[in-house]
Amino acid sequence: MNATLFASPMAASAARISGAAMVSDGDTVTIRGARIRLHGIDAPETDQVCLSGTGKTYACGIAARDALIRLIEGRSLNCTGNEVDVYERRLMTCFVGKTNINAAMASDGWALAFRRYSNIYVDQEHEARRRQSGLWSGAFIAPWDWRSRDQQTEILGALTVPLDAQKKLIPQPFKSASPNTGCQIKGNISSKGVRIYHMPGQKHYDKTRISEGKGERWFCTEREAQASGWRRARN
């Protein structure tokens with residue numbers, strides 16, 4: 001789930017996609033080979049951590065992904081939309097039966113309205129915050145801020161934010177790891193656009209540099225990397 005930048009509209013013939021979906025994260029699915037970004041929402045990255053209502057850290061990005069899996073329940077999705085983003089994902093609104101899953105993820109508190117591009121799900125977000133659902137049961141960083149976080153990044157929460165939230169959500173960096181999360185798996189994008197992750201100890205690990213501005217990223221586990229569409233480096 002990198003920050004979405006809108007590109008030119010797709011052809012009208014590609015405006016509808018239906019079928020079984022593979023869920024990558026809380027706002028990205030793949031249907032019949034087409035990667036789809038749920039329009040109007042932004043869910044936590046799969047490597048993102050948040051604070052629960054009791055102040056304990058948990059993998060909220062994985063929790064959001066699992067919430068979307070439960071919402072779909074293996075049923076067929078029907079998606080519509082005419083745009084693509086710079087990562088060639090189709091920007092679509094998807095339904096399972098009569099349920100708009102974009103709206104449901106926001107109303108269940110596992111995604112925020114992506115105000116930078118659309119205000120369509122602001123009411124659902126407000127309702128989730130009022131009910132302290134999902135992310136709003138504790139404290140968290142907005143997904144778009146998580147991708148470029150530092151020690152001054154704002155912490156959100158339905159009620160008061162714990163005094164130590166900044167320290168828990170933005171730990172100090174250590175050698176050969178993400179300067180923000182401490183995660184050590186490097187998600188690199190090759191010159192041909194191939195997404196490859198490098199594990200500590202692999203041949204090109206130390207030489208690999210991560211540029212988050214280009215869509216590259218760090219992962220805490222191989223499962224997170226694979227779920228986000230990266231494959232392991234061969235060497």
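**A guided look at isoleucine 41 and a four-stranded sheet**

Visitor: Is isoleucine 41 buried or exposed?
Guide: Buried means under 20% relative accessible area, exposed over 50%, and partly exposed in between, with a 1.4 Å probe and protein chains only. The relative accessibility of isoleucine 41 is 0%, so this residue counts as buried.

Visitor: What should be known about the model and its pLDDT?
Guide: The model is predicted, so local features need pLDDT of at least 70 and side-chain atom pairs count only at pLDDT 80 or more, while totals for chains, interfaces and linings use all residues. Residues are numbered from 1 along each chain as its sequence is written, and side-chain values use heavy atoms, leaving out hydrogens and water. pLDDT is the predictor's confidence in each residue, from 0 to 100. Of the residues, 90% score at least 70, and the protein chain averages a pLDDT of 87.

Visitor: Which strand holds isoleucine 41?
Guide: Strands (E, at least two residues) are DSSP runs, numbered from the N terminus. The run covering residues 41–42 includes isoleucine 41 and is strand 6.

Visitor: How far apart in space are isoleucine 41 and tyrosine 117?
Guide: In sequence, 76 residues separate isoleucine 41 from tyrosine 117. From C-alpha to C-alpha, their distance in space is 9.1 Å.

Visitor: Which residue in strand 18 stands opposite isoleucine 196?
Guide: Two strands pair if DSSP finds at least two bridges between them. Strand 16 (residues 195–198) pairs with strand 18 in the parallel sense over two bridges. Opposite isoleucine 196, in strand 18, stands arginine 231.

Definitions and conventions: Helices (H or I, at least four residues) and strands (E, at least two) are DSSP runs, numbered from the N terminus.
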